[in-house]
Amino acid sequence: MTNIKKLNISKSLLLDCKQTIKDFPLAYETYGKLNENKDNAILVFHALTGDQFVTGLNPITKKDGWWTTAVGPGKAIDTNKYFVICANVIGGCMGSWGPKEIDKKTNEPYGLNFPVITIRDIVRSQETLLEYLGIKKLLCVTGGSMGGMQSLQFCATFPNRTFSAMPIACSTSHSAQNIALNELARQAVMADPVWDKGKYIKKNIQPKNGLAVARMVGHISYLSEKGMQEKFGRKLQERGDYDFSFNADFQVESYLRHQGFAFVERFDANSILYITRAMDYFDLSKQFKGGLTEAFKNQKTKFLVISFSSDWLYTTKENKETVIALNAAGADVSFAEIKTDKGHDSFLVNEPEFLKTIKGFIDSMHLKFKNEKRI
Amino acid sequence: MKKEFKVIAELLPKNVRVLDVGCGDGSLMDLLIKEKNIEARGLEIKEEYVKKCIYKGLSVIEGNAETELHQFPDQSFDYVVLSQTLQAFYNPEKVLKELLRVGKSAIVSIPNFGYWKVRTSLLIFGKMPMTKTLPYNWHNTPNLHMCTIKDMFNFCNEKNIKIDKILGINEDKTSQIKRSNLEIKNLFSKIGIFLLS
């Protein structure tokens, strides 16, 4: 794989599972330029199936980066002005240390010998990247969904390493419903005979059917009931009547099949298992003796929590609980709910009210951060 | 800038923590930060106002003061400000108690229904009053619990809420209101500002 920037992380990292790792690759990408004052760096965290290619053409998939709607020259997060950094999560499959990488001990891909990692492990591995890039304090950390969780984790683990934080459509711990949906995705992968306890990777094949179903589950949860009804309704796929078969008669079926099978071309099945597990294990309150209040104590970081009214995966109520915890800790927090029918996916699609809000926040935070640095 | 906001800013000491409940587009917060180096936070129900605050770099939480003040810990602010909104709540008493739980003190302003123009509107014309501070019709007004400065004064006494100061605003004039001049000030003030604790 060419076109992938990789940093070899030589310092050792003690994972939450107690295993120590060192000398592992972290794949990353940057956009824009770090200015002289170093006050314009934004660390973006990607979601479950994202990668480091935030905007522009993804050199591997040859498609637009996952956050092209929000990040780029002249966009809400303007790369003419800001230096945007994004790393592929460990456990992922876009060049960072993950289950498809070669285990030096056995000279074979890790598969299920890869350790179970956590959101904290993911975030801690990325801090090294900031050291490497020479950034002492970020302007902002942000991301949606699992990217939002990483933003919260970053602030809790590295207090005041960022001037501001914008966790989007996320929570401080995974709910039973979130875990259940992730379990559905994992079971779909593991039920595919090709998966073979993760050993498919040595045979250079992929449990496509299981992984596609896992992706379909995800896609249902990213849309709202209303959004789905409006987009597809009962419309039929390129036919006048039912086929009286199990073909994709309905447009919504065709959509899910397309999304599912397009996904298997770019993602590793074992990575889905590991990353969904990391999300399920996420519970910020468990990491601190005093719970969430302790997690956010002494924060000078300015937070903006954003939720979407039709998101049933990470509801407004859950996002507000994050706000309550930040308030209880005396942190500086803002909260906005974007009214939209586009569900959890709202942060990835063109949702003008959302884009205006993030632009307004980041631009105003940049002004404040510049002033702080001047003093 | 509203005269009322200037009066509120003058009432507040420097370098304190203030929660502005129903902060609108953040004009008062802006003023408090610039003039008094106050650490200001806002709570606002209207999405468009919330966004305006965010664009200005102000800290604001989108939410309903009637139901969401519980998220703020006891005595977490030095002052809680509520500008001309008390009358719009279903349960003003509950909100007032919440303000005094969250803040060590509260500044509450009310549009005065005892103002002479309001009184004459009803007395002479027999119509529900419409003024600059009360611009609504009877059927579309958000103001469910209109009251006068005197009503508010009596209410606080009844509920054992300590009144530290009352100011009346009429056009450009601001004056202090006491028990002794309550009747006359209740007639000539458009807005009453109560400092409570």
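**Figure 1. B:Phe77 is a buried ring in chain B of this predicted model.** Its relative accessible area is 1%, so B:Phe77 counts as buried (under 20% relative accessible area; exposed is over 50% and partly exposed lies in between, with a 1.4 Å probe and protein chains only). B:Phe72 is buried too, with a relative accessible area of 2%. B:Phe72 and B:Phe77 form an edge-to-face aromatic pair, 6.0 Å centre to centre with 75° between the planes. Rings of Phe, Tyr and Trp (its six-membered ring) pair if their centres lie within 6.5 Å; planes under 30 degrees apart are stacked, over 60 edge-to-face, and the rest tilted. B:Phe77 also meets a charge: the charged end of B:Arg17 sits over the ring of B:Phe77, 4.5 Å from its centre. A charge sits over a ring if NZ of Lys or CZ of Arg is within 6 Å of the ring centre and within 35 degrees of the ring normal.

Residues are numbered from 1 along each chain as its sequence is written, and chains are lettered from A and ligands numbered from 1 in the order in which they are written. The model is predicted, so local features need pLDDT of at least 70 and side-chain atom pairs count only at pLDDT 80 or more, while totals for chains, interfaces and linings use all residues; side-chain values use heavy atoms, with hydrogens and water left out.

**Figure 2. A:Phe24 and A:Trp97 form a tilted pair.** Over all chains, the structure holds 19 aromatic pairs. In this one, the ring centres are 5.7 Å apart and the planes stand at 45°, so the pair is tilted. The pair links distant parts of the chain, 73 residues apart. A:Phe24 lies in strand β4 (residues 24-31) of chain A, and A:Trp97 lies in the loop between β8 (83-87) and β9 (102-103) of chain A. Strands (E, at least two residues) and helices (H or I, at least four) are DSSP runs, numbered from the N terminus. A:Phe24 is buried at 1% relative accessibility. A:Trp97 is buried at 6%. Both belong to one aromatic cluster with A:Tyr110, A:Phe114 and A:Tyr274.

**Figure 3. Helix α3 of chain A has its buried residues on the same side.** The buried residues are A:Asn178, A:Leu181, A:Asn182, A:Ala185, A:Arg186, A:Ala188 and A:Val189. They cover an arc of only 155° around the axis, which puts them on the same side of α3(A); the arc is that of the directions from the helix axis to the C-beta atoms. On the other side, A:Ala176 and A:Ala191 are exposed. The cover over the buried residues includes α4 (208-222), α7 (269-281) and α9 (316-328) of chain A. How far should the 16 residues of helix α3 (residues 176-191) of chain A span at 1.5 Å a residue? The expected span is 22 Å, and the end C-alpha atoms are 22 Å apart, which agrees. That expectation is 1.5 Å times one less than the number of residues.

**Figure 4. Helix α4 of chain A is mostly covered.** Of its 15 residues, 11 are buried. Among them are A:Gly210, A:Leu211, A:Arg215, A:His219 and A:Tyr222. Their cover includes α3, α6 (251-263) and α7 of chain A. From first C-alpha to last, α4(A) reaches 21 Å, close to the 21 Å expected. The charged end of A:Arg215 sits over the ring of A:Phe263, 4.6 Å from its centre.

**Figure 5. A:Thr322 and A:Leu292 are both in contact with A:Thr172.** A:Thr322 lies in helix α9 of chain A. It is buried, at 2% relative accessibility. Leaving aside neighbours within four places in sequence, A:Thr322 is in contact (heavy atoms within 4.5 Å) with A:Leu152, A:Cys170, A:Ser171, A:Thr172 and A:Val305. A:Leu292 lies in helix α8 (residues 291-295) of chain A. A:Leu292 is buried, with a relative accessible area of 18%. With neighbours within four places again left aside, A:Leu292 is in contact with A:Thr172, A:Leu284, A:Ser285 and A:Ala325.

**Figure 6. Helix α7 of chain B has its buried residues on one side.** In α7(B) (residues 149-158), B:Ile149, B:Met152, B:Phe153 and B:Cys156 are buried. They cover an arc of only 105° around the axis, which puts them on the same side of α7(B). Their cover includes α5 (92-102), β5 (103-111) and β6 (163-170) of chain B. B:Asn160 follows α7(B), and its phi is positive, near 60°.
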